[in-house]
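Trainee: I should like to learn how to read the features of a model in a sound order. May we begin with the cysteines and then turn to sheets, helices and cores?

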Amino acid sequence: MRYKYIINGIVQGVGFRPTVYKIATSLNLKGYVLNSSDGVIIEIEGKNRDKFLNELKNNLPPLAKIEKIECFKLPLKNYKDFEIKYSINTTKTTSISPDISVCEDCLKEMRDKNNRRYLYPFINCTNCGPRYTIIENIPYDRVNTSMKKFKMCENCKKEYENPIERRFHAEPISCYECGPKLSVKFKIENGKWAVKDFNREIKKIEFIANKIKEGKIVAIKGLGGFHLVCDATNEKSVYELRKRKNRPLKPFAMMFRDIEMIKKYADISNKEKELILSKERPIVIVKKKKELKGIADKIDRYGVFLPYTPIHYLLFDFLDFPIVATSANISDEPIIRNSKELIEKLGSVVDFILDNNRDIINACDDSVVQVVNEERLFMRLSRGFAPKSFYIDKKTSPNILALGANQKNTISLYFNQKVILSPHIGDLKTLGSIEFFERTINTFRRLYEFKEDVIICDKHPYYESTKWALSQNKEVIQIQHHFSHALSVMFENSLDGEFLAFLFDGTGYGDDGSIWGGEVFRVTKHNYERIHYIKPFKLIGSEKGVKNPSNYAISLIDEQLAKNFKNYEIIKKLQNGPFPLTSSMGRVFDAVAFLSGMIDRNEYEGISGLIIEKFYNENIKGFIDIGIKKELDFKEIFNFAYLNRGKFELVSSIFINSLVNLVVKLSKYYNLPVILSGGVFQNKTLLGKILKNIYAYYNKEIPINDGGISIGQVAYGIWNLRRENGT
């Protein structure tokens, strides 16, 4: 017999075929392996074929992931040897590998003076380097990437064509002779820019490093876009970057040379160290040890990460301090991927640019994670982890395009038993971000030759994603925001049955037209019942009220206490105004932080939660009991926050303990398995305390915030929709 396997998953451009070749030849099997748009196709004949799959599963390349194997027994063809064949195109279902940090083997070669790629800033192999960011189409072959314009030299071609080489079919393979080149750009008169000449690539990197040392602000092109970079230890440079970028307080991420340098500035656990060193190289949120002014003022956390491209490593050959490495973008817009756009939008922000001529096809921001109870929690799922695919054992659903939320937007597709989650797109607040949203949809349509039968979006009538859905002349289904949060957890954890879902966030359009966000649902795959919610209050000032919690917080305490505020009379008059009602837990956090004196304004999303975490004291055990009523009344907590104004540790601890007590008490009352989802559960202290008291399901593989909404939407479609013919 001849065995034919069709293997799906992340199996292209990751060294899968050479691994198959080595295993097949070692077992004296005959046949072939090839990439197709259906996945990897393998045919084998020989006596040891039963051992083949076990050997393959136990010896996968570092970046490979098998999601599905189909096996067919066919008549013998009497193959004479085993070969790697060229790719073929059929329907497109194979998963695309995310971009991965440069591997140790490549770094060793880059440091070897006798290697032809010594100090080469674009060194890569089959086990590392760009993937998603350079791909235009699948199968993942060089002609379908932005590397197609670089003709391989003879030496690279030999490596590329040799099945036992580490660079066999490494599509971005290149060297000094045939690969991309760096360029240094600087300002000249009239706002124009020029290119500075250097005789060696490393001299360009050294020049930029020296400018960082001098206190300059530079832009450096990475895998998925540009970073804005300056010396993180130079207070003057950091505040100058804040001034130029109009980013007064929101924390900056920092890149460090190595893990030892991180340990000088932050306390890290073993799990955090593992994530920092992982091949995905995310930004990891860790506890401060040494204060660096201007980096993350008012909170006790840093976002830290390590170099992940050869350029980053070479840069740190000349630097002995951490650098700010924040996404180059205008607020609420996607990361910038080419220098023309960078100069147009941020030309006044940067002094120098380190560019290169390898085009970024698909922009991709850095991923952000933190550790809660020794588990990884995603705050932003992007470079290194996305696109993310899931195999679904269900064939009766139509093709689904799910559009996510307005904040932290992602999209998801369902087709051919596969769900694909896009990388982080961002907040759909600007023309640039909406254009990126549309471009991402079209990218995934093109890559997978995907045509949706149905579009699933949020119920919010003013979300840009909802408006876009309703403009497409397709069947549209709108799902309530918090139901989507719950479904995302059920999907990720393969849950069925009835659950008690705590859904805490800042904003979600409610079925009654108000702003929900402090919700307790009884939920199944098919429907939900809103059984508890925070007692609604008027969001005085609407959107401006989010930035200025004083607008509504004063109205939440007893009138006698409220009279102590200067603007009490104004707020009292506004209470009868036509402002929306909200039950948002996010706004409760803001009100507690304001009333206790921790904040005056909401300088950026989530600041109140981060400050409350900073002041939480484990030794304070008290809490305020919130009664089990349909409307959960927080007035006693608001009064307590004001009456203990300035006692930040006491207020923070009592408040967090009260929320934990509420969740634990309700879970015991209903005796149902518990789900936790929504952006408020990014609060490490809150989530950690709940998980120490009860078992709960929550998002671990996808973001717990609105970045996971599109997965909940697509899950609803898979579980509740059937193709018209039912097949």
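**Reading the model**

Mentor: With a disulfide taken as a pair of cysteine sulfur atoms within 2.5 Å, the count here comes to zero. This is a predicted model, in which local features need pLDDT of at least 70 and side-chain atom pairs count only at pLDDT 80 or more, while totals for chains, interfaces and linings use all residues. Residues are numbered from 1 along each chain as its sequence is written, and side-chain values use heavy atoms, with hydrogens and water left out.

Trainee: Why is Cys103 without a bond to the closest cysteine sulfur?

Mentor: A disulfide is a covalent bond between the sulfur atoms of two cysteines. The closest cysteine sulfur to that of Cys103 belongs to Cys125 and lies 3.6 Å away, which is too far for a bond. Cys103 counts as buried at 14% relative accessibility, where buried means under 20% relative accessible area, exposed over 50% and partly exposed in between (1.4 Å probe, protein chains only). Cys175 is likewise in no disulfide, the nearest cysteine sulfur being that of Cys153 at 3.6 Å. Cys175 is buried, with a relative accessible area of 2%.

Trainee: In what order do the strands of the sheet containing E1 run?

Mentor: Strands of a sheet pair through backbone hydrogen bonds, either parallel or antiparallel. Here two strands pair if DSSP finds at least two bridges between them; helices (H or I, at least four residues) and strands (E, at least two) are DSSP runs, numbered from the N terminus. Five strands form an open sheet of mixed pairing, ordered E4-E1-E3-E2-E5. Strand E4 (65-74) and strand E5 (82-84) each have a single partner strand, so one side of each is left without a neighbour in the sheet. On average, neighbouring strands of this sheet are turned by 15° against each other, direction ignored. Within the sheet, E1 (residues 2-10) and E3 (residues 39-45) are antiparallel and share five bridges; Ile6 has Ile41 of E3 as its bridge partner.

Trainee: Which helices accompany this sheet?

Mentor: Helix H1 (residues 16-26) lies across E1, strand E2 (30-36), E3, E4 and E5, and runs at about 175° to E5. Helix H2 (residues 49-58) also packs on the sheet, touching E1, E3 and E4, with its direction at about 10° to that of E1. Contact means heavy atoms within 4.5 Å; axes are lines fitted to C-alpha atoms, for helices over the stretch in contact, and angles run from 0 to 180 degrees between N-to-C directions.

Trainee: Where are the edges of the six-stranded sheet?

Mentor: That open sheet, also mixed in pairing, has the order E18-E21-E20-E19-E22-E23. Its edge strands are E18 (388-391) and E23 (475-479), each pairing on one side only. Strands E19 (residues 400-402) and E22 (residues 454-458) are parallel over three bridges, and Ile400 stands opposite Val454 in E22. Helix H13 (residues 481-492) lies across E18, strand E21 (418-421), E22 and E23, at about 90° to E23.

Trainee: How many residues does the largest nonpolar core have?

Mentor: A nonpolar core is a set of buried Ala, Val, Leu, Ile, Met, Phe, Trp, Tyr and Cys residues joined through side-chain atoms within 4.5 Å. The largest has 146 residues, and Phe502, Phe634 and Leu676 have the most contacts inside it. Helix H21 (residues 648-670) supplies its largest share, eleven residues. A second, separate core of 41 residues includes Ile208, Ile285, Ile311 and Phe352.
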